[in-house]
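These are my notebook entries on a structure that I had not examined before. I set down what I looked up, entry by entry.

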Amino acid sequence: MKKKWLPLLGTTILLISAGCQSNNEMNPEENTEIIMGEEEEEKLVSLEVSKLYGTLQNSKIDHVHGIGYPGNRNELLVATHNGPIINYEGSWYEAKDNKNDYMGFNAVSDGFYSSGHPGEGSDLPNPLGLVKSTDRGNTIEELGFQGESDFHYLTVGYESHAIYAVNQMKNSKMDTGVYFSEDAKEWEKVQLNGTPDQVSGIATHPTDSNVVAITSPLGLFVSSDKGKSFDRLTEEVSVSSITFMEDQLVYAKDNNKLVIQNLENGDETELSMPVDDLETIDYIAVNPQEEKELVFHTVGESIYQTNDRGESWKSLVKNGEIKE
């Protein structure tokens with residue numbers, strides 16, 4: 001599979017990607033995913049006793065649209081065409097209900113934001129618009145654009161929850177282009193001055209909503225003023241994916257090599273990679289609970305994980321097949 005580069009014209013990004021489908025909103029009174037603590041704080045039940053999730057019944061994981069660690073729980077969630085799949089302590093779990101196709105998936109400190117399409121049997125609108133869940137997708141909060149927009153390209157600050165959304169078709173609040181919101185209510189158009197003609201993705205800093213990055217076949221471009229202006233952060237090299245940490249970022253250069261850059265002094269470290277032949281890396285995630293734990297996904301439907309910043313790698317999924 002080849003990486004699709006996305007043409008950028010002026011302040012309008014024209015994005016082409018495949019659509020998908022999956023979700024079902026449950027009555028909060030029937031919510032079986034949370035228990036109430038002594039201070040009335042909601043806590044998710046363990047996956048082992050969850051009624052929403054069960055052991056993954058087959059060995060395939062494909063049509064992936066994002067990866068991340070929602071809710072600071074050390075659970076790696078893989079957003080697929082057929083609903084969310086979770087890897088936790090070496091075991092795989094799949095959603096039995098609410099099997100939404102989460103396009104534009106972004107893990108955040110208390111759950112995840114996404115867009116996409118409802119699953120079979122769902123009464124949610126299609127497309128989903130912008131949605132959020134704090135309980136692994138058991139219940140869905142509708143934040144806007146339901147039945148209007150499918151945001152294939154979103155980025156949300158892990159702690160700030162500030163949103164940058166790429167809008168491909170005009171809706172009730174947006175023309176085509178990139179828009180920013182602090183609260184998913186008020187939206188402002190991003191100017192994108194200094195970006196290249198082609199881009200591959202967008203990412204924002206976990207806490208500083210002013211910082212947003214654009215990946216492209218010509219390098220990595222970063223803005224510190226909410227996208228009004230961008231500066232080149234790398235040499236002229238293809239960059240296919242990026243994720244931010246508080247004081248560092250990780251990006252994929254030459255499409256299949258990972259580099260960690262210090263945001264304060266610009267120092268870069270290229271990580272050792274798995275010995276396998278790697279296709280283009282399209283998603284990267286770092287565990288916010290343990291930043292030495294890093295995961296990436298390739299367009300060939302492979303997932304690799306390291307717990308020591310690249311000193312050793314484990315193949316979780318190879319060409320769509322789960323590795324034992």
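Entry 1: terms. Before placing any residue, I note that helices (H or I, at least four residues) and strands (E, at least two) are DSSP runs, numbered from the N terminus. I also note that the model is predicted.

Entry 2: the chain as a whole. I looked up the secondary structure and found zero helices and 31 strands in the protein chain. Of the 324 residues, 56% are buried. I then turned to contacts with a separation of 6 or more, and 47% of them are between residues 24 or more positions apart. For the surface, I recorded about 14300 Å² exposed by the protein chain, with carbon and sulfur atoms supplying 42% of it.

Entry 3: strand β28. I asked how many of the five residues of β28 are buried. The count is five of five, and the strand is mostly covered. In a regular strand the side chains alternate between the two faces of the sheet. I therefore sorted the residues of β28 by side: L294, F296 and T298 lie on one, V295 and H297 on the other, and both faces are covered.

Entry 4: the partners of β28. Strands of a sheet pair through backbone hydrogen bonds, either parallel or antiparallel. I looked up which sense applies here. Strand β27 (residues 281-286) pairs with β28 in the antiparallel sense, over five bridges. Within β28, H297 stands opposite Y283. I next examined β29, which runs antiparallel to β28 and is joined to it by four bridges. V295 has Q305 in β29 as its bridge partner.

Entry 5: the turn after β28. I found four residues between the strands in the hairpin of β28 and β29. One residue of interest there is E301, in the loop between β28 (294-298) and β29 (303-306). E301 is not a glycine, yet its phi is positive, at about 65 degrees. Is E301 buried or exposed? With a relative accessible area of 14%, E301 is buried, because buried means under 20% relative accessible area.

Entry 6: a further positive phi and a cis bond. I noted R136 as another residue that is not a glycine and has a positive phi of about 65 degrees. R136 sits in the loop between β12 and β13 (141-144). Its relative accessible area is 4%, so R136 is buried. In the loop between β11 (111-117) and β12 (130-133) I located P127. The peptide bond leading from N126 to P127 is cis, with omega near 0 degrees.

Entry 7: an open sheet. I traced an open sheet of four strands in the order β14-β15-β16-β17, and the pairing is antiparallel. Its edge strands are β14 (153-156) and β17 (188-189), each of which pairs on one side only. Strand β15 (residues 163-167) and strand β16 (residues 177-181) run antiparallel and are joined by five bridges. I recorded V178 in β16 as the bridge partner of V166.

Entry 8: salt bridges. I asked how many salt bridges the count comes to. The count comes to ten salt bridges. One of them links K60 and E321, whose closest N and O atoms are 3.5 Å apart. K60 lies in the loop between β5 (53-55) and β6 (64-68) and E321 in strand β31 (residues 321-322), so this pair ties together parts that are 261 residues apart in sequence. Both ends are partly exposed: K60 has 39% relative accessibility, and E321 has 33%.

I then looked up D110 and K132, which form a salt bridge with the closest N and O atoms 3.0 Å apart. The pair links distant parts of the chain, 22 residues apart, with D110 in the loop between β10 (101-108) and β11 and K132 in strand β12. D110 counts as partly exposed at 29% relative accessibility, whereas K132 counts as buried at 11%.

A further salt bridge brings together the side chains of D254 and K257, at 3.7 Å from N to O. D254 is partly exposed, with a relative accessible area of 36%; K257 is also partly exposed, at 33%. Finally, I noted that salt bridges sharing partners join R73, E75 and R136 into one network. R136 is thus a residue to which I returned: it is the buried residue, with a relative accessible area of 4%, from Entry 6.

How values were computed:
Residues are numbered from 1 along each chain as its sequence is written. This is a predicted model: local features need pLDDT of at least 70, side-chain atom pairs count only at pLDDT 80 or more; totals for chains, interfaces and linings use all residues. Side-chain values use heavy atoms; hydrogens and water are left out. Buried means under 20% relative accessible area, exposed over 50%, partly exposed in between (1.4 Å probe, protein chains only). Contact means heavy atoms within 4.5 Å. Accessible areas come from the Shrake-Rupley method with a 1.4 Å probe; for residues, only the protein chains shown count as cover. Two strands pair if DSSP finds at least two bridges between them. A salt bridge is a side-chain nitrogen of Lys or Arg within 4 Å of a carboxyl oxygen of Asp or Glu.
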